[in-house]
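Work through the exercises below with the sequence and the model side by side. Each one sets a task and then solves it in steps.

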Amino acid sequence: MSVGSQPPQTNGIAGDEVVVITHEDVDRAHDRVRVSEARAHRGFFHGARLLWLLVGPGILVMLGENDGPSMLAYAATGAKFGIGFFLPFVVLTFVMAIVVQEMTVRLGAATHRGHAELIFDRFGPFWGWFSMIDLALGNFLTLITEFIAIRAGLGFFGVPPWMAILIALVILYAALMSHRYWTWERITLAAALFNLVFIPVALMTHPHWHAVRHAFITWQPMPGFNKDTLLIVLADIGATVTPWMLFFQQSATVDKGLTTKDIRFGRIDTVLGAALATAAALATILATAPLFAHQMGADNFQAAEFAQALQPIIGRFGASLFALGMVEAGIVASITISTSSAYAFGEVTHKPHSLNLPMGQGKAFYSVLTLCAAAAAAIVLIPGLPLVYVVLLVNVVAVLAMPPALVFLFMLVNDREIMGDLVSPPWANVLSSGVVFILTSAGVLFGISIIAPNIFALLGGK
Amino acid sequence: MAREETQNLEADRNLVLSSLEHDQLVRAKKHHIPRRILKGPELAVLWTLRVYLLFMMAVVVYQVWTAAH
């Protein structure tokens, strides 16, 4: 790299304007040259190469959201309700995620700005800080739960908590060491694909395929309408659509250098990520469904307890895979969520924020990223903290914080001044309004279930 | 050595200018996008959702408190 780790340099003059080229620009340009070369040729091989070069943010965000609390939510769903309503419901939540995340791809490709930066610039710091506080709080709580999942998952193998946390932090730091977005993305993608380990685990339980088919066709059996069901509904929604995903995918789209020409591939990337994440989520529900069949109470189960409970059914090897899947979910999410916090911090403070930055130029970016992760990890090691409440509620908090975040996204993606002709078409607005309505209604129902639980009994629940 | 470095810098500059869109350059991102003036209904929606979120967070805190006790 000829610019190396030097500070930004004035390299030449274009017209009357002095063009300043940075290390980040050069790295991104190299990535774009490869994309241009692949695009210049026709044929299956070049098409596949183009797809390979352009996928990343969508798969990462979707598999990243299959994180510790999400996988626990799916495991609890299977153990509590078995095969039924929640299988098609989880597919529906991923469809909602596609609708939402596609908007961030368009926004990032059209404006080349991160989500936090756009909110601050277009709506001003007053609304900008509100959304940043939502993001920072949600991200930090979620990060804590990722380390809880890692600790519990590795605990299954007898790894002491401090070592489990240290292993996770070393992996997170190792992924950053390349100081290159492309390398970071490929390392994290490779780790994220391990999320699919839940599929063989599900197959080991010999799922009742007839019941699975019946559930997808009829959405039956329906669970009773009560507080527990509502908590699982919210947890499953929060397992697929959360504010950090908006910030992460838009910033990653910008950092990767995608342009409006790449939007189609950004969409494919998002759908592909959602398909993989859906497969892993459904597999987790199927994997723990035998616990429902055996009437095992799985309330307040953590990752290790699920693995232990499954061991008599799928053996030590299957239970180990389940525990490793939980560890992977926590590690990948801790990488993507801390990166999302660092991107947002850089965008708001106008400090350099890119995974293409050398350490010297990106001190603030890398410091925020590692400090967020380290602080969350340290909290998990404090003995006696009631961490179980954080795990149970983090997805609920994500659902509650989603409608305000979505309205900002909705307004930005319909803002013709910044989007030009890429504003959302009416059908996309109808779909995204539907998502806002579903999320807000779920939140309101949750609030009613807490404040006035008797109303549920009146409506026929328990 | 200095000449080689200059040639490399020139090559980088050409590479960047030929493969990135102008507003993808780090330098270009230092310019702020102009503020949008929010209309009454937009402000009403934003405030409603803000109040909704604060209220629901209070509900969550209440639930954690009751569960802990």
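**Exercise 1. Find where M222(A) sits and decide whether it is buried or exposed.**

Solution. Begin with the position along the chain: M222(A) belongs to the loop that runs between α10 (209-218) and α11 (227-238) of chain A. Next, count its surroundings in this predicted model: there are 12 other C-beta atoms within 10 Å of M222(A). A residue is called exposed if that count is 12 or fewer, and M222(A) is therefore exposed. As a last step, take a distance: 78 residues along the chain separate M222(A) from I144(A), and their C-alpha atoms are separated by 33 Å.

**Exercise 2. Examine the backbone of W219(A), P221(A) and H206(A), and say what stands out at each.**

Solution. A general expectation comes first: most residues other than glycine have a negative phi, and most peptide bonds are trans. Now look at the loop between α10 and α11 of chain A, where W219(A) is placed and where P221(A) also lies. Phi of W219(A) is near 60°, a positive value in a residue other than glycine. The bond that joins Q220(A) and P221(A) is a cis peptide bond, with omega at about -5°. Then move to the loop between α9 and α10 of chain A, which holds H206(A); here phi is near 50°, again positive in a residue other than glycine. To finish, compare surroundings: W219(A) is partly exposed because it has 15 other C-beta atoms within 10 Å, while H206(A), with 11, is exposed.

**Exercise 3. Decide whether I119(A) and V436(A) are buried or exposed, and list what each one touches.**

Solution. Start with I119(A), which is found in helix α6 (residues 115-155) of chain A. The cut-off for a buried residue is 20 or more other C-beta atoms within 10 Å; I119(A) has 28 and is therefore buried. Leaving aside neighbours within four places in sequence, its contacts are W127(A), G128(A), S131(A) and F408(A). V368(A), 249 residues away from I119(A) along the chain, has its C-alpha atom 20 Å from that of I119(A).

Turn next to V436(A), in helix α18 (residues 426-451) of chain A. Its count is 21, so V436(A) is buried as well. Not counting residues up to four places away in sequence, V436(A) touches P403(A), L406(A) and V407(A). For one of these, L406(A), the C-alpha atom is separated from that of V436(A) by 6.9 Å, although the two positions lie 30 residues apart along the chain.

**Exercise 4. Describe helix α13 of chain A and locate its kink.**

Solution. First establish the extent: α13(A) covers residues 263-293, which makes 31 residues. From its first C-alpha to its last the helix reaches 45 Å, close to the 45 Å expected at 1.5 Å a residue. Then follow the axis, and a kink of about 30° appears at A287(A), shortly before the proline P290(A).

**Exercise 5. Identify the residues with the most contacts inside the largest nonpolar core, and the helix that gives this core its largest share.**

Solution. The core in question has 152 residues, and those with the most contacts inside it are F147(A), L234(A) and F322(A). Its largest share, 23 residues, comes from helix α14 (residues 303-349) of chain A. Apart from this core lies another, of seven residues, among them I21(A), V26(A), L20(B) and V26(B). Now return to F322(A): beyond four places in sequence, its contacts are V201(A), A287(A), F306(A), A307(A) and L310(A). A287(A) in this list is also the residue at which α13(A) is kinked.

**Exercise 6. Work out which parts of chain B touch chain A.**

Solution. Chain B has two helices and zero strands, and 17% of its 69 residues count as buried. Across the interface, 38 residues of chain B are in contact with 46 residues of chain A. On the chain B side, the elements giving two or more residues are α1 (2-19) and α2 (40-68), and the largest share, 16 residues, comes from α2(B). By type, the residues of this side divide into 23 nonpolar, five polar and 10 charged.

**Exercise 7. Find where confidence in chain A is lowest and where it is highest.**

Solution. Take the whole chain first: the average pLDDT of chain A is 87, and 91% of the residues score at least 70. The lowest confidence is in strand β1 (residues 9-14), at a mean of 43, and the highest is in helix α9 (residues 198-204), at 95. Over residues 1-16 of chain A pLDDT stays under 50, and for this stretch the model has 31 contacts beyond four places in sequence. Where pLDDT is low, the predicted coordinates should not be read in detail.

Conventions: Residues numbered from 1 in each chain as written. Chains lettered and ligands numbered in written order. Predicted model: local features only at pLDDT ≥ 70, side-chain atom pairs only at ≥ 80, totals over all residues. Helix = DSSP H or I, 4+ residues; strand = E, 2+ residues; numbered from the N terminus. Expected span 1.5 Å × (residues − 1). Bend = angle between axes of the 7 residues up to and from the residue. Core = buried A, V, L, I, M, F, W, Y, C linked by C-beta atoms within 7 Å. Contact = placed C-beta atoms within 7 Å. Nonpolar A, V, L, I, M, F, W, Y, C, P; charged D, E, K, R; others polar. pLDDT = per-residue confidence, 0-100.
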